[in-house]
Amino acid sequence: MPSSSPSREGKSLDRRRFLKFGTAGLVVVGGGALAGTRFFGDPTPVGPGGAAVSAAEAGRATTGKVVRRQLRAAPATVDLGGRTVRTWAYEGTVPGPEIRLSAGDQLQVRLVNDLPEDTTVHWHGLALRNDMDGVPGVTQDPVAPGTAFDYSFVVPDPGTYWFHPHVGAQLDRGLQAPLIVEDPAEPGDYDQEVVLVLDDWTDGWGESPEAIVERMAREGMDMGGMSGMEDMGHMGMGGMDMEGSMPSADQPLGADTGDVSYPGHLINGRLPQDPFVITSAPRRRIRLRIINAGGDTAYRFAVGGAPPERDAHRWFPRGPGGGRHSDHRDG
Ligand SMILES: [Cu+2]
């Protein structure tokens, strides 16, 4: 058991903190929330092949349908809308290709790593079986360059999710894509659906994501989700506590965003000067699914010119992964 005491850590135990304990040698398998709450007191390691996992998986509701995809992670040249950058991407696009399926479907994804370094895919916000959660050194071995890894899991809950690597600052390159889990029982009272991925961009343009992480670590600032696993070493040190990043009445978006000045901000991989455009017709209802894939930016979102009617501001349920990414409380 690591030396940090749960009582001192307080209520703000989050995923990163959990993962820090995980790297100390314990592997806890199960639903995300279950793993987090069962960890302290009586830590009993459970392997992916354990009876508890088999029982939990057997209890999942499934449609029996299997959705198969391939994701090739590789260097790519991408046009952001007037600015062409060299970056890393899934299948050559930013964001990567959307995966869409229904709750209860089984997702089978072959990750092909054509990057020059290890990678994984983390399924942001999904309460999936732990050994498919994509955290290298904790829930799986890293996927080495030139090799592949097969993810396979039942997708449990409807919602708006996304996926990205859980290695270094890779997600702050172009390795990110939406994962939409539809609810077969939802009435769907809208005419059109649009997925919007918001992102703060520097790769191939400004300072590299890795350089930013290193600089911020040197300067002793909490980079939030910017650096993934690497920032855990300085989390909670130097008098910084988790409360600093918690949303409050004064700072509803939290205090540790906006540390980095990004040269570009994107919606669906496009800069404002040549934006992603939605074509629709008057009086049509559009469902917007909004994903903040930014490493350090909390966005306020508004629809310009929308009529001030209540319907214009009606929000549909979202998945648990819909929050600000740098919190990373749910992955
Ligand atoms: Cu995430």
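Student: Which residues of the largest nonpolar core touch the most other members?
Tutor: In this predicted model, the largest nonpolar core holds 33 residues. Strands 1 (66–79), 2 (84–90), 4 (106–113), 6 (148–154), 7 (159–164) and 8 each supply at least two of its residues. The residues that touch the most other members are Ala73, Leu111, Val121, Trp123, Trp162 and Leu179.

Student: Which residues is Leu111 in contact with, leaving aside its neighbours within four places in sequence?
Tutor: Leu111 belongs to the covered face of strand 4. Once the neighbours within four places in sequence are set aside, its contacts are Leu71, Ala73, Val121, Val143, Ala148, Phe149 and Tyr151.

Student: Which residues make up the uncovered face of strand 4?
Tutor: In a regular strand the side chains alternate between the two faces of the sheet. In strand 4 the covered face carries Leu107, Val109, Leu111 and Asn113. The uncovered face carries Gln106, Gln108, Arg110 and Val112.

Student: Do strands 1 and 4 run parallel or antiparallel?
Tutor: Strands of a sheet pair through backbone hydrogen bonds, in one of two directions. Strand 1 and strand 4 are joined by eight bridges, and Ala73 stands opposite Asn113 in strand 4. The two strands run parallel.

Student: Which residue in strand 6 stands opposite Val109?
Tutor: Strand 4 is joined to strand 6 by seven bridges, and this pair runs antiparallel. Val109 is on the covered face of strand 4. Opposite Val109 in strand 6 stands Tyr151.

Student: How many residues are in the other core, the one with Val85 and Met216?
Tutor: This core lies apart from the largest one. Its members include Val85, Ile212, Val213 and Met216. Of these, Ile212, Val213 and Met216 are among the buried residues of helix 5 (209–218). The number of residues in this core is 10.

Student: Why are the buried residues of helix 5 on the same side, and what arc do they cover?
Tutor: An α-helix has 3.6 residues a turn, so residues three or four places apart point the same way. The buried residues of helix 5 are Pro209, Ile212, Val213 and Met216. They are on the same side of helix 5 because the arc they cover around the axis is only 100°.

Student: Which exposed residues does the opposite face of helix 5 carry, and which residue with positive phi follows the helix?
Tutor: The face turned away from the buried side carries Ala211 and Arg218, both exposed. After helix 5 comes a residue whose phi is positive, near 75°. That residue is Gly220.

Student: Which strands stand at the edges of the open sheet with the order 3-8-7-5?
Tutor: This open sheet has four strands and mixed pairing. An edge strand has a single partner strand, so one side of it is left without a neighbour in the sheet. Neighbouring strands here are turned by 25° against each other on average, direction ignored. The edge strands are strand 3 (99–102) and strand 5 (122–124).

Student: What is the bridge partner of Arg100 in strand 8?
Tutor: Strand 3 and strand 8 (177–182) run parallel and are joined by four bridges. The partner of Arg100 in strand 8 is Ile180.

Student: In the open sheet with the order 10-9-11, what is the bridge partner of Asp199?
Tutor: This sheet has three strands with mixed pairing, and its edge strands are strand 10 (264–267) and strand 11 (286–292). Strand 9 (192–201) and strand 10 are joined by four bridges and run antiparallel. In strand 10, the partner of Asp199 is Leu266.

Student: Why does Arg60 count as partly exposed?
Tutor: Arg60 lies in the loop between helix 4 (51–58) and strand 1. Beyond its neighbours within four places in sequence, it is in contact with Val154 and Pro156. A residue is buried at 20 or more C-beta neighbours within 10 Å and exposed at 12 or fewer. Arg60 counts as partly exposed because its number of C-beta neighbours inside 10 Å is 16.

Student: Over which residues does pLDDT stay under 50?
Tutor: The mean pLDDT of the chain is 77, and 68% of its residues reach 70 or more. One stretch under 50 has 62 contacts beyond four places in sequence in the model, and another has 49. These stretches are residues 1–37 and residues 223–244.

Methods: Residues are numbered from 1 along each chain as its sequence is written. This is a predicted model: local features need pLDDT of at least 70, side-chain atom pairs count only at pLDDT 80 or more; totals for chains, interfaces and linings use all residues. Two strands pair if DSSP finds at least two bridges between them. Axes are lines fitted to C-alpha atoms, for helices over the stretch in contact, and angles run from 0 to 180 degrees between N-to-C directions. A nonpolar core is a set of buried Ala, Val, Leu, Ile, Met, Phe, Trp, Tyr and Cys residues joined through C-beta atoms within 7 Å. Two residues are in contact if their C-beta atoms, placed from the backbone, lie within 7 Å. The arc is that of the directions from the helix axis to the C-beta atoms. pLDDT is the predictor's confidence in each residue, from 0 to 100.
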